[in-house]
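Please read the following note beside the sequence and the three-dimensional view. It proceeds in numbered points, and each technical term is explained where it is needed.

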Number of protein chains: 2
Amino acid sequence: MNLTKTEENYIKAIFHLQQSEGNVTTNQLAASILTKPASVTDMLKKLTSKNLIDYEPYQGVRLSKEGKKQALMIVRKHRLWEYFLVEKLQFGWDEVHEVAEELEHISSKKLVEKLDAFLEHPKFDPHGDPIPDSNGNMVYMRLYNLKDVKPHVLVELCNVGSQSAELLDLLKHKNIVIGTRMEVLRKFSFDNSVEISIKNKPAITISQQLSEALFVKLI
Amino acid sequence: MNLTKTEENYIKAIFHLQQSEGNVTTNQLAASILTKPASVTDMLKKLTSKNLIDYEPYQGVRLSKEGKKQALMIVRKHRLWEYFLVEKLQFGWDEVHEVAEELEHISSKKLVEKLDAFLEHPKFDPHGDPIPDSNGNMVYMRLYNLKDVKPHVLVELCNVGSQSAELLDLLKHKNIVIGTRMEVLRKFSFDNSVEISIKNKPAITISQQLSEALFVKLI
DNA sequence: AATTATTTTTAGACAAACCTAAATTATTTT
DNA sequence: AAAATAATTTAGGTTTGTCTAAAAATAATT
Ligand SMILES: [Mn+2]
Ligand SMILES: [Mn+2]
Ligand SMILES: [Mn+2]
Ligand SMILES: [Mn+2]
């Protein structure tokens with residue numbers, strides 16, 4: 001059951017789009033893969049014949065059990081390589097995605113497992129996304145958008161909603177990284193800015209845009 | 001000037017086949033790439049139009065200046081990844097080639113340079129082959145096949161003529177690695193076996209087959 | 001319920017990389 | 001120098017993944 005790079009990219013795109021409810025539509029996939037709907041239909045037929053998806057014409061698509069298994073392994077590789085690039089090769093946050101997009105298609109099972117061991121089995125990638133283990137299991141964590149957190153609640157930054165250089169730049173300047181603990185002090189309804197305190201430091205104010213890009217867990 | 005994976009594999013194969021003299025023939029290439037001569041001819045036309053090779057129908061092929069430059073960068077990536085796999089991920093000698101065959105096609109310039117730095121700019125890959133630097137220069141070393149070395153000459157193992165698990169296994173058993181220094185004591189013409197001494201250890205005898213797989217430099 | 005708009009699929013083509021079989025060209029052998 | 005052999009190229013197809021344009025199905029409006 002060896003997949004081509006293109007098939008893998010489709011499978012992964014379906015995986016990300018189908019998160020939770022509903023079927024993934026042809027147009028959604030075309031947009032996500034930067035291709036045309038007609039090409040997607042062709043590929044959906046192919047993936048159906050390989051039993052990787054459940055697909056009814058005009059009704060959208062979901063991954064089959066086998067498809068989901070394959071998707072998890074691609075996501076595993078993608079996130080392990082991102083972790084490697086940031087932690088070992090000193091890449092920035094914002095630079096790793098495209099490279100990992102290529103590295104994720106290297107199929108050696110042994111390579112993945114040895115890389116995982118070398119990295120000491122990380123649980124999260126540099127953007128805070130969970131890394132599936134070799135069985136496809138990953139840590140689930142209930143996350144909240146910082147903009148929805150009530151004042152006086154202690155939280156820890158776990159994930160970012162964007163991987164842009166701009167966001168990385170801003171967070172660096174504010175000395176915030178994934179894992180940083182903070183408390184929401186108050187919120188200003190005029191501009192939806194949020195005042196937060198990071199331990200031992202004077203309170204700072206962050207913009208609505210920034211608060212919407214930060215996902216935290218309760219502690 | 002972006003090359004496909006297939007184009008890169010052809011360029012690299014030509015590079016390895018053309019070492020020193022003569023043009024590379026269509027049949028040589030077909031054998032090396034595990035394809036048919038007709039397919040090679042198609043690709044040679046394509047590479048000619050991209051100015052990567054000098055090719056006259058029926059007369060064989062050589063890399064152009066640009067082609068050689070590209071080939072050196074692919075070889076650089078291949079050997080850096082092999083070094084990474086052995087030194088960091090604990091792969092065996094014999095296991096790295098196929099994986100590196102895939103990794104070498106990842107095109108990020110930044111990735112190569114950062115990997116090189118992470119590995120501390122190694123000069124040789126795990127098989128003793130020189131790694132081109134970012135300008136395409138590599139260490140040249142006059143090597144001799146151990147079977148041709150005269151008695152009482154001190155030498156150092158620099159390269160192996162095979163990457164098989166079998167050779168690795170035998171060398172491990174005899175405690176020989178790349179870098180091991182040895183002296184040829186005498187040679188037996190009955191079976192072309194060679195008696196060598198490795199410092200502080202009792203003399204050992206190696207077979208003709210093994211002596212032909214070992215390449216050494218004089219010290 | 002009928003019309004219009006949107007989404008999706010089908011039909012027919014194309015480029016990349018490969019193939020087999022046949023035609024050419026080059027090299028050996030007689 | 002002619003004939004036989006070997007190497008190489010051409011001709012014509014296939015598969016994979018893509019595309020545009022047209023047809024069909026679904027969804028949204030009136
Ligand atoms: Mn990808
Ligand atoms: Mn990520
Ligand atoms: Mn390769
Ligand atoms: Mn090597």
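**Note on the two chains, the metal sites and the DNA**

1. Between the two chains, 18 residues of chain A are in contact with 18 residues of chain B, where contact means heavy atoms within 4.5 Å. This is a predicted model, in which local features need pLDDT of at least 70 and side-chain atom pairs count only at pLDDT 80 or more, while totals for chains, interfaces and linings use all residues. Residues are numbered from 1 along each chain as its sequence is written, chains are lettered from A and ligands numbered from 1 in the order in which they are written, and side-chain values use heavy atoms, with hydrogens and water left out.

2. The size of an interface is often given as the accessible area lost when the parts come together. Here the area buried between chain A and chain B is about 1500 Å²; buried area is the accessible area (1.4 Å probe) that two parts lose on being put together, summed over both. Carbon and sulfur atoms give 81% of that area. On the side of chain A, L89(A), K114(A) and F118(A) supply 31% of the area that this chain buries against chain B, more than any other three residues.

3. Which protein atoms hold the manganese ion (ligand 1) as donors? They are N9(A) (OD1), E101(A) (O), E101(A) (OE), E104(A) (OE) and H105(A) (NE2), at 2.1 to 2.6 Å from the ion. Donors are N, O and S atoms within 2.8 Å of the metal (3.2 Å for Na, K and Ca); water is not among the atoms, so sites may look incomplete. Along the sequence, these donor residues follow the spacing N-x91-E-x2-E-H. E104(A) is buried, with a relative accessible area of 0%; buried means under 20% relative accessible area, exposed over 50%, and partly exposed in between (1.4 Å probe, protein chains only).

4. In chain B, the manganese ion (ligand 3) has as its protein donors N9(B) (OD1), E101(B) (O), E101(B) (OE), E104(B) (OE) and H105(B) (NE2), which lie 2.1 to 2.6 Å from it. N9(B) lies in helix α1 (residues 5-18) of chain B and E101(B) in helix α5 (residues 96-103) of chain B, so the pair ties together parts that are 92 residues apart in sequence. Helices (H or I, at least four residues) and strands (E, at least two) are DSSP runs, numbered from the N terminus. N9(B) is partly exposed, with a relative accessible area of 24%.

5. K12(B) also lies in helix α1 of chain B. Is this residue buried or exposed? At 8% relative accessibility, K12(B) counts as buried. Its side chain makes a polar contact of 2.9 Å with the side chain of E104(B). A polar contact is a pair of N or O atoms within 3.5 Å; within protein, one must be able to donate a hydrogen and the other to accept it, and residues adjacent in sequence count only if both atoms are side-chain atoms. Leaving aside neighbours within four places in sequence, K12(B) is in contact with I74(B), V75(B), H78(B), E101(B) and E104(B).

6. The manganese ion (ligand 4) has the protein donors E82(B) (OE), D125(B) (OD) and H127(B) (ND1), at 2.1 to 2.3 Å. Their spacing along the chain is E-x42-D-x1-H. D125(B) is buried, with a relative accessible area of 5%, and H127(B) is buried as well, at 0%.

7. DNA strand D is surrounded by 21 residues, the closest being T4(A), T35(A), S39(A), K46(A) and Y55(B); a residue is near a strand if one of its heavy atoms lies within 4 Å of it. Sugar and phosphate account for 78% of the atoms of DNA strand D that come within 4 Å of the protein. Polar side-chain atoms of two residues lie by its phosphate oxygens: that of Y55(B) at 2.3 Å and that of T26(B) at 2.9 Å. A base oxygen of the strand is 3.3 Å from an N or O atom in the side chain of D42(A). α3(A) gives the most to the surface near DNA strand D, with 5 residues.

8. DNA strand C is likewise surrounded by 21 residues, with Y55(A), T4(B), T35(B), S39(B) and K46(B) the closest. Phosphate oxygens of DNA strand C lie 2.6 Å from a polar side-chain atom of S39(B), 2.7 Å from an N or O atom in the side chain of T35(B) and 2.9 Å from a polar side-chain atom of K45(A). The largest share of the surface near this strand, 5 residues, comes from α3(B).
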